[in-house]
Amino acid sequence: MEECSFTDVRSPMLFLTISGRSVYGLALLSLLWLESLAVPSIGPSNSSSSFCTESEECLQFELVCRTDEYEVRRYSPSRWVSTDAEAYFLGVGAAMAFRRLYHYISGANREGVKFEMTAPVLVEVPEEGKMWEPAIYTLSFLLPSAYQERPPTPTNDKLYFTDMPDMDVYVRSYGGWMLSITSRLYAHLLSRALTRAHALYNHTHHYTVGYDSPLKLLNRHNEVWYVAEGEPVCGSNPTDTH
C-alpha cells in the first residue's frame with residue numbers, strides 16, 4: 001500500500017486557514033486569561049485590597065507600587081451615585097450631600113429599593129477657589145455590585161450617576177477625621193511629593209476618601225487621591241508589588 005502523509009495532501013491555503021484559526025484561538029484565550037486577572041471594581045470587604053470594616057462590599061484596586069510618601073493604585077471602571085453641594089467648608093457640604101444620598105439608598109428611588117451602603121465615600125474637592133467664596137463639593141456613594149449595571153432611578157433631581165473609568169491614582173492615607181483642614185493638608189503633602197517625583201496628575205481637583213462611619217472612633221482610615229495622567233511615577237525608592 002502506498003504511504004500517504006499530511007505533507008503530501010495539505011495545500012498552502014488549508015495550512016493558512018488552520019494557522020489563522022489557531023492564532024485567533026490563541027488570541028481569544030489570551031484575552032480571556034487577562035480578563036480573569038483583572039481586579040473587579042467591587043468586592044467583599046474582607047479582600048486583601050480593602051480598608052472597609054463596616055460594609056459588606058468595598059471598592060477594589062490593584063496596588064502598582066508604594067513609596068515612602070504615596071501609593072499608586074489601579075482601579076477598574078465603576079459606577080457611583082453623586083450629588084453636589086455648595087458650602088464654605090468640606091464638612092458642611094459633605095453633610096448636606098450625604099443626607100440626599102442616604103435617603104436614596106434607604107428607598108427614596110422610583111423602584112423603592114433599599115440597599116446597604118458600600119465604601120468608600122468619595123468627595124471631589126476643587127483645587128482652585130477663593131477663601132471667601134463657597135466651593136462646589138461632589139459627594140459620591142459607590143453602587144453595590146447588584147446595581148452597577150441597572151441602578152434604581154433617583155426621585156431627587158439633584159442626584160445623578162457618575163461612571164468612573166479605568167484610572168491610576170496617587171494615594172496618601174491618614175487617620176482621624178475627614179475635615180477641610182486635614183483634606184487640604186494631606187492633599188498639599190501629596191502634591192509636593194508628586195512634584196518632587198515629576199509625576200503628572202490632574203490639578204483641577206483631588207478626592208477626599210472616607211471608609212468609616214461617624215460612629216467609629218478609633219482606627220479610622222481616610223485618603224486623598226490625585227488621578228494620574230499618563231504613565232504613573234513610582235518615585236525614586238519604590239516598593240514594587242508585582
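In this predicted model, Arg66 and Glu71 form a salt bridge, with the closest N and O atoms 3.3 Å apart. The two partners differ in their cover. Arg66 is partly exposed, because its relative accessibility is 35% and the intermediate class runs between 20% and 50%. Glu71 is buried, with a relative accessible area of 13%.

A salt bridge also joins the side chains of Arg73 and Glu223, at 2.8 Å from N to O. This pair links distant parts of the chain. Arg73 belongs to strand β4 and Glu223 to strand β11, which covers residues 222-227. The separation in sequence is 150 residues. Arg73 counts as buried, at 0% relative accessibility. Glu223 is likewise buried, with a value of 0%. The two bridges do not stand alone: Arg66, Glu71, Arg73 and Glu223 are linked in a network of salt bridges.

Glu69 and Arg196 provide a further case. Their side chains meet in a salt bridge of 2.4 Å, N to O. Here too the pair links distant parts of the chain, 127 residues apart. Glu69 sits in the loop between β3 (62-66) and β4 (71-75). Arg196 is in helix α4, which spans residues 180-196. Glu69 is partly exposed at 33% relative accessible area, and Arg196 is partly exposed at 47%. In total, the count comes to 7 salt bridges. Side chains of opposite charge can pair when their charged atoms come close.

Aromatic pairs were examined next. The count comes to 12 aromatic pairs. The rings of Phe51 and Phe61 have their centres 6.3 Å apart and their planes at 15 degrees. The pair is therefore stacked, since planes under 30 degrees apart fall in that class. Phe51 lies in the loop between β1 (42-44) and β2 (57-59), and Phe61 in the loop between β2 and β3, so the pair ties together parts that are 10 residues apart in sequence. Phe51 is partly exposed, at 30% relative accessibility. Phe61 is buried, at 9%.

Phe115 and Tyr147 give a second arrangement. Their ring centres are 5.2 Å apart and their planes stand at 35 degrees, so the pair is tilted. The pair links distant parts of the chain, 32 residues apart. Phe115 is in the loop between α3 (90-105) and β6 (121-126). Tyr147 is in the loop between β7 and β8 (159-164). Phe115 counts as buried at 12% relative accessibility, whereas Tyr147 is partly exposed at 22%. Ring pairs also build a cluster, whose members are Phe51, Phe61, Tyr75, Tyr207, Tyr211 and Trp225. The stacked pair of Phe51 and Phe61 thus belongs to this cluster.

Strand β7, residues 135-142, holds Thr138. Thr138 counts as buried, because its relative accessibility of 13% is under the 20% limit. The side chain of Thr138 makes a polar contact with the side chain of Asp84, at 2.7 Å. Neighbours within four places in sequence aside, Thr138 is in contact with Ser82, Thr83, Asp84, Leu122, Val123, Glu124 and Tyr160. Asp84 therefore appears both in the polar contact and in the contact list of Thr138.

The surface carries a nonpolar patch formed by Trp177, Leu179, Ile181, Leu217 and Leu218. Together these residues have about 580 Å² of accessible area. Ile181 lies in helix α4, the helix that also holds Arg196. Ile181 counts as exposed, because its relative accessibility is 64% and the exposed class begins over 50%.

Over the whole protein, there are 4 helices and 12 strands. Buried residues make up 41% of the 242 residues. Among contacts between residues at least 6 apart in sequence, 69% join residues at least 24 apart. The protein exposes about 14700 Å². Carbon and sulfur atoms supply 58% of that area.

How values were computed. Residues numbered from 1 in each chain as written. Predicted model: local features only at pLDDT ≥ 70, side-chain atom pairs only at ≥ 80, totals over all residues. Heavy atoms only, no water. Helix = DSSP H or I, 4+ residues; strand = E, 2+ residues; numbered from the N terminus. Buried < 20%, exposed > 50% of the residue type's maximum accessible area, 1.4 Å probe, protein only. Polar contact = N/O pair within 3.5 Å; in protein donor to acceptor, adjacent residues only side chain to side chain. Contact = heavy atoms within 4.5 Å. Salt bridge = Lys/Arg side-chain N within 4 Å of Asp/Glu carboxyl O. Patch = residues over 30% accessible without salt bridge, like charges linked within 9 Å, V, L, I, M, F, W, Y side chains within 5 Å. Areas by Shrake-Rupley, 256 points an atom, 1.4 Å probe, with all protein chains shown as cover. Phe/Tyr/Trp six-rings, centres within 6.5 Å; stacked < 30°, edge-to-face > 60°.
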